[in-house]
Each structure stands twice: as C-alpha cells, then as structure tokens.
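User: Please take a close look at a single part of this model and work outward from there. Keep it brisk and tie each residue to its surroundings.

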Amino acid sequence: MKKFLLPLLFLFLFIVESLFVQYSPAEMFGQNRIIAPHFLFAGLLFLTIFVGKKHGIIYAAILGLLFDIVYIEIIGIYLFLYPFICYLVSKIMHIMQTNIVIAFLVSLLGIALLEVGVYEMDHLIHITNLDFMSFIKLRFYPTLILNAIFIIIAGYPFKRLFEKHAESLRAE
C-alpha cells in the first residue's frame, strides 16, 4: 500500500489543480488577474527537497509529460521545466539547510522560475501577446500569492510525509 501513496498523492494534486481552476471565482485577486495553481509542482519540489534529487526528477519528468499531454498543446514545456527546476532546487538545497522555512522559500523560487519559463516559451512561440510587465502584474504576483498560501497550508504535511518516505527508503 505504501508504494502507491506517492503516486496517489500526486494524482490527487493533479486533479485538485484542475478543479481549483474550474471552480475558483474569476475575480479572486481582482478583475483581469490570472491565477495558476501549481499544487502538483509544489509537491514535487517538496519531494525533491525532503526525499532526494533522483525521486524528484523522475516524478517531475513523468508528471511533466502527463501535464503536457492533458493540458498543453505543445509537449515538452513542462516535461523539460519540471525536472530542470527540481534539479536546480536539489543543487540549491546542497547549500542551504533543509527546514520548512527554507523549503517554503525555495519552493516559491521554483514556482517563480516555472512561471517565467512558461511565459518566455509562450512568448517565444507567439502563444501570448502580453508584455513582461503586464505578465508580472496580471499573472506572476497573483500566482505566487496563491501558491504561497497553498504551501503554508500543505507544507508541513508534505514535509512529514516525505521525511517518512525517505526513512522507509533508507530502511530497505
């Protein structure tokens, strides 16, 4: 049963992201704001921080591909960015202490990198016509606020779950 806990958690987060977008009020952060929940990616970042680089990158690649297939017209943006940012986070965590506050800040940094990376790719292939300052004001800040709230709520349970998972991997 424990083998299926992580995949079920990430499947749950994948579905919750979609439901959040579908059922959240349009004027949550004021009119003309775009919010993008990255609950799944926050979970992947916590997995990378508290379990390890290998598990984080493998799950990130699989779930990035799934995200691209289900939600995005172009396969490869999330397939590349999820594992790449998880790799960067693992390198940052070699320098920093592993605690909940640092995990919160590094996860927000990872989400910020994801948002900017997706915007730049969309801008490069002309999917969006927003200039960078409009993107920052309309999507970047509301997205970071929403995901910061989610990480504050779910961060400690993620930390505990992933530390237990790491202990069970060491025991094997």
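Analyst: Isoleucine 111 touches His38, Phe41, Ala42, Leu45, Leu144, Asn147 and Ile151, leaving out residues up to four places away in sequence. The model is a predicted one. Isoleucine 111 sits in helix 5. Its relative accessible area is 0%, so isoleucine 111 is buried. Tyrosine 82 is 29 residues away from isoleucine 111 in sequence, and their C-alpha atoms are 9.7 Å apart. Tyr82 is itself one of the buried residues of helix 4.

Serine 107 also belongs to helix 5. Serine 107 is buried too, at 0% relative accessible area. Its contacts beyond four places in sequence are Leu45, Phe46, Ile49 and Ile151. Leu45 and Ile151 appear in this set, and both also touch isoleucine 111. Why do these two helix 5 positions suit one description? An α-helix has 3.6 residues a turn, so residues three or four places apart point the same way.

Glutamate 115 continues the story in helix 5, which covers residues 100–124. Glutamate 115 is buried, with a relative accessible area of 2%. Its side chain meets that of arginine 139 in a salt bridge, 2.6 Å from N to O. Arginine 139 lies in helix 6, so the pair ties together parts that are 24 residues apart in sequence. The two ends are not covered alike: arginine 139 is partly exposed at 21%, while glutamate 115 is buried at 2%.

Threonine 143 brings a further link to Glu115. Threonine 143 is placed in helix 6, residues 132–171. Its relative accessible area is 0%, which makes threonine 143 buried. Among residues more than four places away in sequence, threonine 143 touches Ile34, Ile35, Ala36, His38 and Glu115. His38 is in that set, and His38 is also a contact of isoleucine 111.

The structure holds two salt bridges. The other pair is lysine 159 with glutamate 163, whose closest N and O atoms are 2.9 Å apart. Lysine 159 and glutamate 163 are four residues apart in helix 6, so about one helical turn separates them. Lysine 159 counts as buried, at 16% relative accessibility. The cut-off for buried is under 20%. Glutamate 163 is partly exposed, with a relative accessible area of 28%.

Next, leucine 6, in helix 1. At 4% relative accessibility, leucine 6 counts as buried. Beyond its neighbours within four places in sequence, leucine 6 contacts Leu47, Tyr59, Leu161, Phe162 and His165. Tyrosine 87 is 81 residues away from leucine 6 along the chain, with 19 Å between the C-alpha atoms.

Tyr59 leads into helix 3, as one of its buried residues. Helix 3 runs over residues 53–71. Its 19 residues reach 26 Å from first C-alpha to last, close to the expected 27 Å. Which residues of helix 3 are buried? They are Gly56, Tyr59, Ala60, Leu63, Gly64, Phe67 and Asp68. These residues cover an arc of only 165° around the axis, which puts them on the same side of helix 3. They pack against helix 1 (5–23), helix 2 (39–50) and helix 4 (77–95). On the other side of helix 3, Lys54, Ile62 and Ile69 are exposed.

Ile69 also has a place in a nonpolar surface patch of about 580 Å². The patch is made by Leu65, Leu66, Ile69, Val70, Tyr71, Ile75 and Leu79. Helix 3 gives the most to this patch, with five residues. One patch member, leucine 65, is found in helix 3. Leucine 65 counts as partly exposed, at 34% relative accessibility.

Helix 4 closes the loop back to the start. Its 19 residues should span 27 Å at 1.5 Å a residue, and the end C-alpha atoms are 28 Å apart, which agrees. The buried residues of helix 4 are Ile77, Tyr78, Leu81, Tyr82, Pro83, Ile85, Cys86, Val89, Ser90 and Met93. They pack against helix 2, helix 3 and helix 5. Helix 5 is where isoleucine 111 is found.

Notes
Residues are numbered from 1 along each chain as its sequence is written. This is a predicted model: local features need pLDDT of at least 70, side-chain atom pairs count only at pLDDT 80 or more; totals for chains, interfaces and linings use all residues. Side-chain values use heavy atoms; hydrogens and water are left out. Helices (H or I, at least four residues) and strands (E, at least two) are DSSP runs, numbered from the N terminus. The expected span of a helix is 1.5 Å times one less than its number of residues. Buried means under 20% relative accessible area, exposed over 50%, partly exposed in between (1.4 Å probe, protein chains only). The arc is that of the directions from the helix axis to the C-beta atoms. Contact means heavy atoms within 4.5 Å. Patches are made of residues with over 30% relative accessible area and no salt bridge: like charges are joined within 9 Å, nonpolar side chains (Val, Leu, Ile, Met, Phe, Trp, Tyr) within 5 Å. Accessible areas come from the Shrake-Rupley method with a 1.4 Å probe; for residues, only the protein chains shown count as cover. A salt bridge is a side-chain nitrogen of Lys or Arg within 4 Å of a carboxyl oxygen of Asp or Glu.
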